[in-house]
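Student: Can we go through a couple of helices together? I'd like to hear how the labels are earned.

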Amino acid sequence: MQVTNFSKDSVHCQSCPINDICLAANLSDKDAARFNSIVLHPKPLQKSETLFYAGEKLSSIYAIRKGTVKTFNITQDGEEQITGFHQAGELLGIDALARKKHNSFATALECTEVCAMPYETLDQLATEIPQLHSKLMSVMSQEISRQYDLMMNLNQRTADQKLAGFLINLGLNNSNQSGSDINLNMTRSEIGNYLGLALETVSRIFSKFKQQEVISLNCKKVRILDLDKLYKIAGVDIKDKLAA
């Protein structure tokens with residue numbers, strides 16, 4: 001891991017902006033204090049700085065407090081293959097639990113703050129706190145589901161459906177309501193890499209969605225103007241999605 005200057009007291013779990021969605025959520029005050037005692041706070045990652053490398057031994061699970069992280073692998077041809085974009089409230093490193101080694105690289109797309117939870121200490125604490133263990137199992141299940149959804153999205157959907165689904169998923173962290181803004185901290189090329197689409201195709205579909213008044217565009221900001229229509233384009237039943 002490349003970040004240094006760990007601190008235990010720069011941020012407290014109870015006052016954290018992602019408290020309601022992190023592993024500490026719904027723990028008793030006593031258990032939350034125990035959890036807080038193991039959490040480390042590395043210095044902020046600057047844009048393009050690496051959090052961990054593929055093949056690196058798993059030492060910590062990370063929670064993103066602020067910012068955006070890109071995960072990716074390097075193909076045999078030396079090309080970057082993006083596997084995900086992660087925002088505040090998401091955990092990184094869960095996919096390394098099986099082999100105890102990270103399966104991908106993780107790089108910040110903007111100034112990003114994370115909390116580091118030493119894996120072995122967290123694992124021991126989870127055996128002592130049933131609610132924390134249950135939360136970990138839930139997060140792991142969500143990661144498996146995310147990987148499955150990604151596979152389906154890349155293999156069985158049209159280009160329009162892929163981009164619509166991508167915007168919906170990003171919007172989930174912004175309440176996913178019509179009129180909400182999404183900050184695109186990744187380039188159009190990176191979006192295309194992730195979705196398996198050419199850069200020209202991504203740009204064309206963005207323009208198409210804008211002309212259809214599904215979204216508005218302002219530099220790196222996208223505003224969802226018609227959420228129902230975006231769900232329809234993505235081929236997803238909004239009632240099913242909101243009930244998930």
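Tutor: Here come some questions about two helices and the terms used for them. This is a predicted model, where local features need pLDDT of at least 70, side-chain atom pairs count only at pLDDT 80 or more, and totals for chains, interfaces and linings use all residues. Residues are numbered from 1 along each chain as its sequence is written, and side-chain values use heavy atoms, with hydrogens and water left out.

Student: What makes residues 199–211 helix α6?

Tutor: A helix is a DSSP run of H or I with at least four residues, numbered from the N terminus. α6 has 13 residues, so the run qualifies.

Student: What span is expected for α6?

Tutor: The rule is 1.5 Å times one less than the number of residues, and for α6 that gives 18 Å; from first C-alpha to last it reaches 19 Å, close to that.

Student: Which residues of α6 are buried?

Tutor: Val202, Ile205, Phe206 and Phe209. Buried means under 20% relative accessible area, exposed over 50%, and partly exposed in between (1.4 Å probe, protein chains only).

Student: Why do we say that they line one face of α6?

Tutor: Because they fall within an arc of 105° seen down the axis; the arc is that of the directions from the helix axis to the C-beta atoms. Turned away from that buried side are the exposed Glu200 and Gln211.

Student: What about α7, which residues are buried there?

Tutor: In α7 (residues 227–234), they are Leu227, Leu230, Tyr231, Ile233 and Ala234. Their arc is only 160°, which puts them on the same side of α7. Asp228 and Lys232 are exposed on the face turned away.

Definitions and conventions. Helices (H or I, at least four residues) and strands (E, at least two) are DSSP runs, numbered from the N terminus.
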